[in-house]
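Trainee: Hello! I would like to take a close look at a single part of a structure, and I could use some company.

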Amino acid sequence: MSNRLNGKVALVTAAGQGIGRAIAEKFADQGAKVIATDLDPNKLQGLRAKLRKLDVCSQDDVEALSRETAREFGPLDILVNCAGYVHHGTVLNCSDKDWDFSFDLNVKSMHRTIKTFLPGMLEKKAGSIVNISSTASSIRGVPNRYAYGATKAAVIGLTKAVAADFITRGIRCNAICPGTVESPSLGERIAALSTETGRSREAVRQDFVARQPMGRLGTAEEIAWLALFLASDEASYITGQAHLVDGGMAL
Ligand code: NAD
């Protein structure tokens with residue numbers, strides 16, 4: 001327990017598992033009042049936070065939560081947009097539905113939350129927004145990450161645009177680009193690929209490890225440390241950048 005975020009109000013999307021959960025835990029450890037949200041509220045159990053269901057694809061949900069948090073906590077100091085989904089495949093097996101869903105969940109969700117929560121931050125003349133992008137984006141082309149890479153590149157563009165528009169009004173907006181990170185959904189992707197290809201789960205897993213020059217996957221906590229830094233006042237001169245925490249994947 002320390003106090004790097006003492007008294008700050010932080011909302012985290014997709015905090016039920018993986019990177020979002022690690023960020024919510026880290027922020028609570030550091031003294032923040034955390035509003036931990038997820039599409040599946042059962043996954044939020046055990047977090048030291050205000051727990052709320054939030055579907056980031058629903059404008060009504062986002063607005064209802066914003067009214068509720070404004071009453072209870074006032075404006076946010078920190079917004080972490082973590083919700084995202086991996087479409088596996090190339091342009092040839094990406095349907096319009098896959099493309100639209102990927103952009104709705106990975107990018108438009110951030111448009112919704114930022115548009116809704118930013119006015120409160122502007123009133124306060126302070127706020128840090130952290131958007132979770134990926135090394136698979138405009139940073140690096142990765143096989144079978146066609147729609148995913150396009151959405152995560154859009155997240156970097158959105159991040160820079162918000163940073164530029166509000167740079168004189170106390171708002172910082174940064175993106176984090178993780179490499180391959182151990183998480184429940186990665187486990188599901190490994191299981192699905194193993195079934196699809198007939199290869200063992202361990203062999204499929206090794207393909208993911210092989211993308212990482214350090215010879216191992218990252219942990220969600222390693223991403224949370226960077227989120228903590230960017231969210232905190234320690235990063236007060238840092239805005240509009242895509243920050244890699246990828247074990248050298250982009251080298
Ligand atoms: P995950 O994919 O295991 O968990 C995602 C969470 O999002 C789940 O708790 C799920 O219930 C929630 N969710 C799904 N749809 C939602 C919706 N509509 N509204 C709100 N919540 C919803 O977690 P992860 O793998 O740590 O990924 C988190 C973020 O990090 C994603 O944006 C992902 O693209 C990004 N990322 C992950 C990796 C990785 O290797 N795991 C690498 C780079 C970037």
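Trainee: Could you start with one cysteine and then go on to its surroundings: is Cys-94 buried or exposed?

Mentor: Happy to help! Cys-94 is buried, with a relative accessible area of 14%. Here buried means under 20% relative accessible area, exposed means over 50%, and partly exposed is in between, with a 1.4 Å probe and protein chains only. Before we go on, keep in mind that this is a predicted model, in which local features need pLDDT of at least 70 and side-chain atom pairs count only at pLDDT 80 or more, while totals for chains, interfaces and linings use all residues. Residues are numbered from 1 along each chain as its sequence is written, and side-chain values use heavy atoms, with hydrogens and water left out.

Let us stay with the cysteines. A disulfide is a covalent bond between the sulfur atoms of two cysteines. The rule used here asks for a pair of cysteine sulfur atoms within 2.5 Å, and by this rule the count is 0 disulfides. For Cys-94, the closest cysteine sulfur belongs to Cys-57 and is 16 Å away, so it is too far for a bond. Cys-57 itself has its closest cysteine sulfur in Cys-82, at 14 Å, which is also too far for a bond. Cys-57 counts as partly exposed, at 23% relative accessibility.

Now for the ligand. It is surrounded by 27 residues, and the closest are Asp-38, Tyr-148, Val-181, Ser-183 and Ser-185; a residue is counted if one of its heavy atoms lies within 4 Å. Some polar contacts, meaning pairs of N or O atoms within 3.5 Å, involve oxygen atoms of the ligand; within protein, one atom must be able to donate a hydrogen and the other to accept it, and residues adjacent in sequence count only if both atoms are side-chain atoms. An N or O atom in the side chain of Ser-183 is 2.7 Å from a ligand oxygen, and a polar side-chain atom of Lys-152 is 2.9 Å from a ligand oxygen. The protein buries 92% of the 830 Å² that the ligand exposes when taken alone; these accessible areas come from the Shrake-Rupley method with a 1.4 Å probe, and for residues only the protein chains shown count as cover.

Next, look at Thr-37 in strand E2, residues 33-38. Helices (H or I, at least four residues) and strands (E, at least two) are DSSP runs, numbered from the N terminus. Thr-37 counts as buried, at 0% relative accessibility. Its side chain reaches the backbone oxygen of Val-12 at 2.8 Å. Leaving out residues up to four places away in sequence, Thr-37 touches several residues, including Leu-11, Gly-16, Arg-52 and Leu-65, where contact means heavy atoms within 4.5 Å.

Finally, turn to helix H6, residues 201-210, where Val-204, Phe-208 and Val-209 are buried. They cover an arc of only 150° around the axis, which puts them on the same side of H6; the arc is that of the directions from the helix axis to the C-beta atoms. Helix H5 (184-197) is included in what covers the buried residues of H6. Phe-208 has a relative accessible area of 6%. Not counting residues up to four places away in sequence, its contacts include Leu-186, Ile-190 and Leu-193. Phe-208 and Ile-190 are 18 residues apart in sequence, and their C-alpha atoms are 8.7 Å apart in space.
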